[in-house]
Amino acid sequence: MEKRIALFPGSFDPFTRGHYDIVMRGLKLFDEVIVAIGYNSKKQNRYFPIEHMLQSIESCFEGEARVRVITYSELTAGLAQRIGARYLLRGLRNTTDFEYENSVSQVNRHLYPDLETVFLITSPAYAAISSTIIREVHKYGGDVSEFLPYTLE
Ligand code: ADP
């Protein structure tokens, strides 16, 4: 049977415990989960360098051969097609996420009709965690370690 490969794309600036939870739950549904750190047009300037984030995320899944971490700067649907991922994995926290995810998934469906987007509702413990807030807290010297599944250097 064909391997079920899910692509979990995001800015991951930074990757949080909420993202980690989505990957772990995705592993119950798919044979492989590929975490893809991308640049999107609205967030050109990262706060956490992409190479550091790649290493940090990899360190979270060292013992898990079914997770791969990559970086990309192309159309997500194109990447999915190129690596043989038929599923896009996304997390949903609230209605704001829903509005955005709804339109993105419609566009992706248009670009690559065989690509199915699968949404997992956030676990309540992580629903309030956002990369944006973590960046703000970190910028002003606050401790963000409890929101991250790895240690920042
Ligand atoms: P993007 O910039 O593409 O929205 P993010 O890195 O912000 O990327 O998020 C990637 C995915 O993870 C999105 O589907 C987002 O809704 C989801 N996500 C973000 N934070 C959480 C969280 N705390 N719990 C679950 N899912 C989350």
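These questions and answers walk through the core, the strands, one loop and the salt bridges of a predicted model.

Local features here need pLDDT of at least 70 and side-chain atom pairs count only at pLDDT 80 or more, while totals for chains, interfaces and linings use all residues. Residues are numbered from 1 along each chain as its sequence is written, and side-chain values use heavy atoms, with hydrogens and water left out.

Reader: Which element supplies the largest share of the largest nonpolar core?
Author: A nonpolar core is a set of buried Ala, Val, Leu, Ile, Met, Phe, Trp, Tyr and Cys residues joined through side-chain atoms within 4.5 Å. Buried means under 20% relative accessible area, exposed over 50%, and partly exposed in between (1.4 Å probe, protein chains only). The largest such core has 28 residues, and F8, F15, V35 and I57 have the most contacts inside it. β1, α1, β2, α2, β3 and β4 each supply at least two of its residues, and the largest share, five residues, comes from α2.

Reader: How are the helices and strands assigned?
Author: They are runs numbered from the N terminus. Helices are H or I with at least four residues, and strands are E with at least two, as called by DSSP.

Reader: Is F8 buried or exposed?
Author: F8 sits in strand β1. Contact means heavy atoms within 4.5 Å. Beyond four places in sequence, F8 touches F15, H19, I22, V23, V33, I34, V35, A36, L89, R90 and G91. Its relative accessible area is 3%, so F8 is buried.

Reader: How many residues of β1 are buried?
Author: I5, L7 and P9 point one way from β1, and A6, F8 and G10 point the other way. In a regular strand the side chains alternate between the two faces of the sheet. Here both sets are buried. The strand is largely enclosed by the rest of the structure, because the buried count is six of the six residues.

Reader: What stands opposite I5 in β2?
Author: Two strands pair if DSSP finds at least two bridges between them. β1 and β2 run parallel, joined by six bridges. Opposite I5 in β2 is E32.

Reader: Which residue of β5 stands opposite L89?
Author: β4 is joined to β1 by two bridges, and these strands run parallel. β4 also pairs with β5 in the parallel sense, over six bridges. Five of the six residues of β4 are buried, so it is largely enclosed by the rest of the structure. The β5 residue opposite L89 is V118.

Reader: Where is the cis peptide bond?
Author: Look at the loop between β1 and α1, which holds P14. F12 is in that loop too, and it has a positive phi of about 45° although it is not a glycine. The cis bond has an omega of about 10° and joins D13 and P14.

Reader: How far apart are the closest N and O atoms of R86 and E2?
Author: A salt bridge is a side-chain nitrogen of Lys or Arg within 4 Å of a carboxyl oxygen of Asp or Glu. The structure holds ten of them. R86 lies in the loop between α3 and β4, and E2 in the segment before β1, 84 residues apart. R86 is partly exposed at 33% and E2 is exposed at 56%; their closest N and O atoms are apart by 3.5 Å.

Reader: Why are D21 and R25 separated by about one helical turn?
Author: D21 and R25 form a salt bridge, with the closest N and O atoms 3.1 Å apart. D21 is buried at 13%, whereas R25 is partly exposed at 24%. The separation is about one helical turn because, in helix α1, they are apart by four residues.

Reader: Which residues do salt bridges with shared partners join into one network?
Author: Start with R93 and D97, whose side chains meet in a salt bridge at 2.8 Å, N to O. R93 is partly exposed at 37%, and D97 is buried at 12%. The network built from shared partners is K3, E32 and R68.
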